[in-house]
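Work through the exercises below with the model open beside you. Try each task before reading its solution.

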Amino acid sequence: MRPPGSRGVPTACPTLLLLLLPLLVPLLGAPRGVGAGTGAPAELRVRVRLPDGQVTEESLQADSDADSISLELRKPDGTLVSFTADFKKDVKIFRALILGELEKGQSQFQALCFVTRLQHNEIIPSEAMAKLRQKNPRAVRQAEEVRGLEQLHMDVAVNFSQGGLLSPHLHNVCAEAVDAIYTRQEDVRFWLEQGVDSSVFEALPKASEQAELPRCRQGGDWGKPCVCHYGLSLAWYPCMLKYCHSRDRPAPYKCGIRSCQKSYSFNFYVPQRQLCLWDEDP
Ligand SMILES: *[C@@H]1O[C@H](CO)[C@@H](O)[C@H](O)[C@H]1NC(C)=O
């Protein structure tokens with residue numbers, strides 16, 4: 001509820017994104033140590049519109065010392081989705097904390113972690129993220145660009161106790177998902193080349209064998225293995241830096257961001273269908 005007499009705040013107006021620009025310009029050029037940031041992660045809270053039209057709050061944190069970014073948002077059904085980009089290790093971690101339906105006898109929540117290779121140019125650098133500010137925190141932001149749905153077949157498990165060898169963030173982020181941390185063979189190949197120890201990874205039934213397993217949503221025995229599906233979206237994140245030209249400057253300079261939205265669809269093996277309760281045909 002708005003206090004009486006306050007002026008209405010326009011929502012979902014694309015030009016609001018431009019408000020990031022005037023502040024971003026000086027801050028991007030500011031020397032280190034000026035302002036808030038001396039080691040502590042910088043946080044930006046934005047209101048965002050989800051793909052289904054509902055509005056939620058999203059928190060974006062950047063730690064330029066650790067060279068990482070994390071994003072967190074709560075879906076209307078209560079699920080907490082988080083995304084961590086570890087630029088030092090070329091790792092990104094998606095985590096979902098899915099609330100159980102207690103009246104159906106399900107546990108309080110179930111956690112899933114999906115770990116894949118972080119490509120360059122997926123998201124802006126952490127030092128730029130740490131300097132982002134907004135003038136109007138109540139504006140509802142909608143991404144300028146909707147990136148295509150990415151389908152990922154997660155066919156390798158990550159051993160939680162060894163996970164620190166892959167990324168120091170894994171122990172914090174995936175602590176509730178110890179038995180449900182997944183990655184992909186193609187990402188494993190890349191990390192092994194980078195020198196990551198092979199003890200981090202554990203075989204799951206191969207994609208070809210998984211193809212023969214039933215989809216969990218098709219029903220069947222609660223105790224039998226199946227291929228589970230989980231989808232999530234990053235509703236709004238700064239995916240690119242914008243550069244401007246000026247007569248006063250010899251080279252283009254950073255003057256803002258482009259925002260993106262992206263959805264991910266994960267398929268993964270579960271040893272028992274009861275670990276995939278949300279995946280039902282409507
Ligand atoms: C994870 O790795 C540790 C250390 O190598 C090992 O002792 C443990 O058995 C592994 N866990 C699983 C579930 O394989």
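Two strands pair if DSSP finds at least two bridges between them. Strands (E, at least two residues) and helices (H or I, at least four) are DSSP runs, numbered from the N terminus. The model is predicted: local features need pLDDT of at least 70, side-chain atom pairs count only at pLDDT 80 or more, and totals for chains, interfaces and linings use all residues. Residues are numbered from 1 along each chain as its sequence is written, and side-chain values use heavy atoms, with hydrogens and water left out.

**Exercise 1. Describe how β12 and β13 pair, then place them in their sheet.**

Step 1. Take the pair. β12 and β13 (residues 253–270) run antiparallel, with 16 bridges between them. One checkpoint is C228, whose bridge partner in β13 is F268.

Step 2. Add the third strand. The order is β8-β13-β12, in an open sheet with mixed pairing.

Step 3. Find the edges. They are β8 (145–154) and β12 (226–244), each pairing on one side only.

Step 4. Get the twist. Neighbouring strands here are turned by 20° against each other on average, direction ignored. Axes are lines fitted to C-alpha atoms, for helices over the stretch in contact; angles run from 0 to 180 degrees between N-to-C directions.

**Exercise 2. Trace the sheet of 10 strands and find its edges.**

Step 1. Write the order: β7-β1-β2-β3-β4-β5-β6-β10-β9-β11. The sheet is open and its pairing is mixed.

Step 2. Check the ends. β7 (140–141) and β11 (201–203) each have a single partner strand, so one side of each lacks a neighbour in the sheet.

Step 3. Add the helix. α4 (residues 185–193) packs on the sheet and touches β5, β6, β9 (156–158), β10 (181–183) and β11. Contact means heavy atoms within 4.5 Å. The direction of α4 makes about 55° with that of β6.

**Exercise 3. Set out the pairings of β6 with β5 and with β10.**

Step 1. Start with β5 (residues 91–99) and β6 (residues 109–117). They are antiparallel, joined by 9 bridges. K92 faces T116 in β6, and I98 stands opposite Q110.

Step 2. Turn to β10. β6 and β10 run parallel, with 2 bridges. C113 has I181 in β10 as its bridge partner.

**Exercise 4. Which turn residues of the two hairpins take a positive phi?**

Step 1. Take β1 (residues 42–49) and β2 (residues 55–63). They are antiparallel and share 8 bridges; E43 stands opposite Q61. Their hairpin has 5 residues between the strands, and G53 has a positive phi near 100°.

Step 2. Move on to β2 and β3 (residues 68–74). These also run antiparallel, joined by 6 bridges. E58 has L73 as its bridge partner in β3. Their hairpin has 4 residues between the strands, and D67 in the turn has a positive phi of about 50°.

**Exercise 5. Characterise the surroundings of the ligand.**

Step 1. List the shell: N159, S161, Q162 and E202. A residue is near a molecule if one of its heavy atoms lies within 4 Å of it.

Step 2. Classify. The shell holds no nonpolar residues, 3 polar and 1 charged. Ala, Val, Leu, Ile, Met, Phe, Trp, Tyr, Cys and Pro count as nonpolar; Asp, Glu, Lys and Arg as charged; the others, Gly among them, as polar.

Step 3. Read the distances. A ligand oxygen atom is 2.3 Å from a side-chain N or O atom of N159. For E202, the corresponding distance from a ligand oxygen atom is 2.7 Å.

Step 4. Get the cover. The protein covers 33% of the 360 Å² of accessible area that the ligand has on its own. Areas come from the Shrake-Rupley method with a 1.4 Å probe.

Methods. A polar contact is a pair of N or O atoms within 3.5 Å; within protein, one must be able to donate a hydrogen and the other to accept it, and residues adjacent in sequence count only if both atoms are side-chain atoms.
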